[in-house]
Every structure is written in structure tokens, then in C-alpha cells.
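Colleague: Please give me a close look at one part of this model, the contact surface. Keep it brisk, and explain each term as you go.

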There are 2 protein chains.
Amino acid sequence: MSKLDDRGLEYVAKYFKALAEPMRLKVLNELREGEKNVGQLKELAGSTQANVSKHLSLLSDYGLVKRESRGNCVYYSIADPSVYEICELVCGQISNRLILEADIKKLFSSAQQSST
Amino acid sequence: MSKLDDRGLEYVAKYFKALAEPMRLKVLNELREGEKNVGQLKELAGSTQANVSKHLSLLSDYGLVKRESRGNCVYYSIADPSVYEICELVCGQISNRLILEADIKKLFSSAQQSST
DNA sequence: TGACTATACAACTATATAGTAATATAGTTG
DNA sequence: CAACTATATTACTATATAGTTGTATAGTCA
């Protein structure tokens, strides 16, 4: 990464952006066990068909998942398992930081401080 | 990651979001060689002081960089070098995909489709 | 003290996109 | 063919945030 030009940095940033969404992480997580179609993912992710479909096409555009149409359904699967390595590394960093719970709380203050 | 609840997924997504910005990646990249102050980073990143400062405080909030005030300057450094491992993995995935240039182009068509 | 430098912050505009609702497309089955 | 199912797409609203500008704070030096 040290020798990436601006264009390269944009590529990388876009890749991270694809992962910067809890719903997409959830979908990727479900695909860990193998391919699933949109209907299954919709149930597992607890979202709507349109929403899941949109996230899936984004993930597909970014090359994170593969599409395969079979009969009446479209099956999605992980394109490159190294995405999980990346997530594990992030989880490692995060669990380190969970020790400093106070710092983390700051990040989510806007999302949960509603109960005043 | 497989056993993360919704809150955990949000943490992870937020972490990725912190990395999903070319300017912040550039700053992290510059910090690879060691700590730097805001003025230096501003020059290296080719942006304004306010802009760099804002990105730095975000990175600091997310625990990606450390702050240290010394004299007149504030020096930033990488909090956890494993962020570079993450980036390397992403770069690996991306360079794999660069072979399929056509697919990538689609992602950036809006940004660059002027130069055929 | 006042002038200067480095950093942070607040207010703003513009853009991106998450999620929703409705519609369209494509395959299946009778 | 019509009716049905699965998925995709379009148009929309609401929200988040990138980047800018101007200002505030804090340290340094004369």
C-alpha cells in the first residue's frame, strides 16, 4: 500500500466502504457457510428483499460476492475468502479496544444517548 | 467475527468506515514512516490544515492513531500497526481484481469516464 | 504584553447512500 | 397464455459526512 497513488487509494477506500455497513457485514457473515439466495439472506439478515438485493448488487459490483442464477433464484457466494481474514484482523483490533470501553462509548453516544 | 451480535457488527463497520476515505488512508500511509505533526501531514496529504485536523481527530476517536502534544505541535502516530496488515490484504484482493480491469472500470465510470 | 504559529472547532454546503415503496423483469407452472 | 415467485430497479426521503471557511484556543518568542 505504501506505493499506491491517488487512484489506488480510491480503490482501497471504496473496498473499505463496501465493508463499512453492518447489514453488508451480516450478509457476508451468512455467506460464510456457503452460497445462499436472496430470499434466504433476507430472512437471515432480517431485512427487506429490496434492501438486501441492493446491498448484494453493491457487494457484487465491488467483487466481494459472486452471483449465480439457477432456476428461479439467484445464489450469492463469497468471491474471495480473504475478506474474512480482514474482518478477523479488525475484530482483533476492536476487542483490544473494548477494554477501553469508555473510548468506544464516545463513538456511539449519538446512537444511544437518546434515553435522557 | 462469526459470533458478533449487531452491536459488534456496528463496531466493525465503523472501523471500516474510518478507513473508507482516501485522504485518511493517505494520512495513515504517511504515518507509516513514523510520527508526524499536523503541519507535515497537511503538506504530505496536500490538503488544508482544518481538513487534515478533522480527519486526524476522527482517526484518533476510532483508535487508529495516537496523539502526543509536544511544544507547539501535535504529533500523531499509528496506534496499532495491524492496520497495515489489513490494508495489505485489501491491496492483495484489489490487485487480483485489477486483472479484470473491465469490472473495476464500472465502479469508477462516474469519476473518470472522460478519458477513454 | 502583543505578534506569531499550530491546532481545534463550529457552521455551512454538497454529495453519497441507507432504507423504503412501488414497479419491472425473468423464470416457473398450470 | 395467465398466474405466480424471485430478484432487480427506480424514485424517493432522510441521514451522514467530506470538505470549506472562519473563528477560537493554546503555546512560543520578541
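Modeller: Helices (H or I, at least four residues) and strands (E, at least two) are DSSP runs, numbered from the N terminus. The model is predicted: local features need pLDDT of at least 70, side-chain atom pairs count only at pLDDT 80 or more, and totals for chains, interfaces and linings use all residues. Residues are numbered from 1 along each chain as its sequence is written, chains are lettered from A and ligands numbered from 1 in the order in which they are written, and side-chain values use heavy atoms, with hydrogens and water left out.

Start with DNA strand C. A residue is near a strand if one of its heavy atoms lies within 4 Å of it. There are 22 such residues around DNA strand C. Lys54(A), His55(A), Gly39(B), Arg67(B) and Tyr76(B) come nearest. Which elements supply at least two residues each to this surface? Chain A offers helix 4 (49-61). Chain B offers helix 3 (38-45), helix 4 (49-61) and strand 3 (73-78). Helix 4 of chain A gives the most, with 5 residues.

Now sort the residues by class. Ala, Val, Leu, Ile, Met, Phe, Trp, Tyr, Cys and Pro count as nonpolar, Asp, Glu, Lys and Arg as charged, and the others, Gly among them, as polar. The surface near DNA strand C has 7 nonpolar, 10 polar and 5 charged residues. On the DNA side, 61% of the atoms of strand C within 4 Å of the protein belong to sugar or phosphate. The rest belong to bases.

Next come the polar contacts. A polar contact is a pair of N or O atoms within 3.5 Å; within protein, one must be able to donate a hydrogen and the other to accept it, and residues adjacent in sequence count only if both atoms are side-chain atoms. Tyr76(B) has a polar side-chain atom 2.9 Å from a phosphate oxygen of DNA strand C. Val38(B) uses a polar backbone atom, 3.3 Å from a phosphate oxygen of that strand. At Gly71(A), a backbone N or O atom lies 3.4 Å from a sugar or linking oxygen of DNA strand C.

Turn to DNA strand D. It is surrounded by 22 residues. The closest are Gln49(A), Arg67(A), Tyr76(A), Lys54(B) and His55(B). Sugar and phosphate make up 62% of the atoms of DNA strand D that come within 4 Å of the protein.

Which elements line DNA strand D with at least two residues each? From chain A they are helix 3 (38-45), helix 4 and strand 3. From chain B they are helix 2 (22-31) and helix 4. Helix 4 of chain B has the largest share, 5 residues. By class, the surface near DNA strand D holds 8 nonpolar, 10 polar and 4 charged residues.

Look at the bases of DNA strand D. A polar side-chain atom of Lys54(B) lies 2.4 Å from a base nitrogen. An N or O atom in the side chain of Gln49(A) is 2.7 Å from a base nitrogen. Asn51(B) meets the backbone of the DNA: an N or O atom of its side chain is 3.4 Å from a phosphate oxygen of strand D.

To recap, helix 4 of chain A leads at DNA strand C, and helix 4 of chain B leads at DNA strand D.
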